[in-house]
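Q: I have a model on my screen and would like to learn how to read its features one at a time. Could we go through it together?

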Amino acid sequence: MKAFLIDRYAKGAALHLGEVPEPALRENDVLIQIHATSVNPLDGKIRDGEFKLILPYRLPLILGNDAAGVVVRVGSKVRRFKPGDEVYARPAKDRIGTFAEFIAMNEADVAAKPKTLTMEEAASMPLVALTAWQALVERAKLKKGQKVLIHAGSGGVGAIAIQLAKHIGATVATTTSTANVDLVRSLGADVVVDYKKDDFENLLQGYDVVLNSLGKDTLEKSLRVLKPGGKLISISGPPDPEFARENGFGWLLRQVMRGLSFGIRRKSKRQGISYSFLFMTASGRQLEQIATLIEAGAIRPVIDRVFPFEKTNEALAYVETGRAKGKVVIAVK
């Protein structure tokens, strides 16, 4: 099969298109013919080697973290799917590789594709929708009537998180650039801060939750908008000791993460705020719940551009400009 791979970690390097064997099928796996995938900032960070300490991949490595396609074969113990089923999924972090014509993954990580979406639309959803779900529903336990600030509302995660928070019944504030104010309002944002004109930390206060996907400065300024008992959840780091514990990292790596997050954890604690780092995990069960919301019209995909498979490098480069609205999708088949 054709696939886009890296042979070594290198910042900004191009992926190369190669012929590789179809993935082997384990007894609990489904083999999916990929019709579409999408690009996430995570893909560039893995290629650059930013995650090699916590995600020790064997090289060469096929990149890609989202898939929509059709099941072509199933393992001997698979009961939920059969050949011909249309599905969407985010593979487990140790089995990525959706920039390819086929992928094998555990059936527990797979869900039926929302009937209302095309393959390209479905491929835009898994990683960002699971991230939003795990941050707002699982970690924050966001409730109707609460106030949440979602940074970078026009980005992949932000665009879905705004819609999910509105569905829950929260008051939603977001930050974005002038060009994207109308987009985030159309997704349901109640308060929009144009970061080119205003400083969010001077305008917002008394918030219950902040979902951060930006850098250290934004993370620390976010403490000022949270009330005591509030929750600061970051998907862009720094990783904390709890994340290290959950992933079974060794003593040295736990100490590294303790040091990286020490400053923000100390500042949060002083203000009675909880800080946590979220690295989303694959979950077919959660994707089923998300599919229900999609089919009910509560959440819709936001797609900037669709690239053909042979232009995967151009798609990755476009995402890295930081100008994409929502998701960038790759049509594989």
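Q: Which residue just after α3 takes a positive phi?

A: This is a predicted model, and the values discussed here are computed from it. Lys 141, just after α3, takes a positive phi of about 50°.

Q: How many of the 14 residues of helix α3 are buried?

A: Burial is read from relative accessible area, with under 20% counted as buried. Helix α3, which spans residues 126-139, is mostly covered, since eleven of its 14 residues are buried. Among them are Pro 126, Leu 127, Trp 133, Gln 134 and Leu 136.

Q: Turning to strand β3, why does Thr 37 count as buried?

A: The same kind of reading applies to a single residue: Thr 37, which lies in strand β3 (residues 29-39), counts as buried because its relative accessibility is 0%, where the cut-off is under 20%.

Q: Which residues is Thr 37 in contact with, leaving aside its neighbours within four places in sequence?

A: With those neighbours left aside, Thr 37 is in contact with Asp 66, Thr 98, Phe 99, Ala 123, Val 329, Ile 330 and Val 332. Two of these residues also come up when polar atoms are considered. A polar atom of the Thr 37 side chain lies 2.6 Å from the backbone oxygen of Asp 66, while the side chains of Thr 37 and Thr 98 are joined by a polar contact of 2.9 Å.

Q: What is the order of the strands in the open sheet of three strands?

A: A sheet is read from the pairing of its strands, and here the order is β2-β1-β4, with antiparallel pairing. Strands β2 (16-19) and β4 (61-62) stand at the edges, each with a single partner strand, so one side of each is left without a neighbour in the sheet. Strand β1 (residues 2-6) pairs with β4 over two bridges in the antiparallel sense, and the bridge partner of Leu 5 in β4 is Ile 62.

Q: Where there is empty space, which residues are the closest to the centre of the second largest pocket?

A: Rolling a probe the size of a water molecule over the atoms shows where empty space is left. The second largest pocket has a volume of about 560 Å³, and of the 20 residues that line this pocket, the closest to its centre are Pro 23, Ile 62, Asp 94, Arg 95 and Ile 96. The elements that give two or more residues to the lining are β4 and β7 (102-106), and β7 provides the largest share, three residues. By class, the lining has 14 nonpolar, one polar and five charged residues.

Note on methods. Residues are numbered from 1 along each chain as its sequence is written. This is a predicted model: local features need pLDDT of at least 70, side-chain atom pairs count only at pLDDT 80 or more; totals for chains, interfaces and linings use all residues. Side-chain values use heavy atoms; hydrogens and water are left out. Helices (H or I, at least four residues) and strands (E, at least two) are DSSP runs, numbered from the N terminus. Buried means under 20% relative accessible area, exposed over 50%, partly exposed in between (1.4 Å probe, protein chains only). A polar contact is a pair of N or O atoms within 3.5 Å; within protein, one must be able to donate a hydrogen and the other to accept it, and residues adjacent in sequence count only if both atoms are side-chain atoms. Contact means heavy atoms within 4.5 Å. Two strands pair if DSSP finds at least two bridges between them. On a 1 Å grid over the protein atoms alone, a cavity is a set of points where a 1.4 Å probe fits but cannot get out, and a pocket is an open set with protein on both sides within 12 Å along at least five of seven lines; lining residues have an atom within 4 Å of a point. Grid points are joined across faces, edges and corners, and a volume is the space filled by probe spheres set on the points. Ala, Val, Leu, Ile, Met, Phe, Trp, Tyr, Cys and Pro count as nonpolar, Asp, Glu, Lys and Arg as charged, and the others, Gly among them, as polar.
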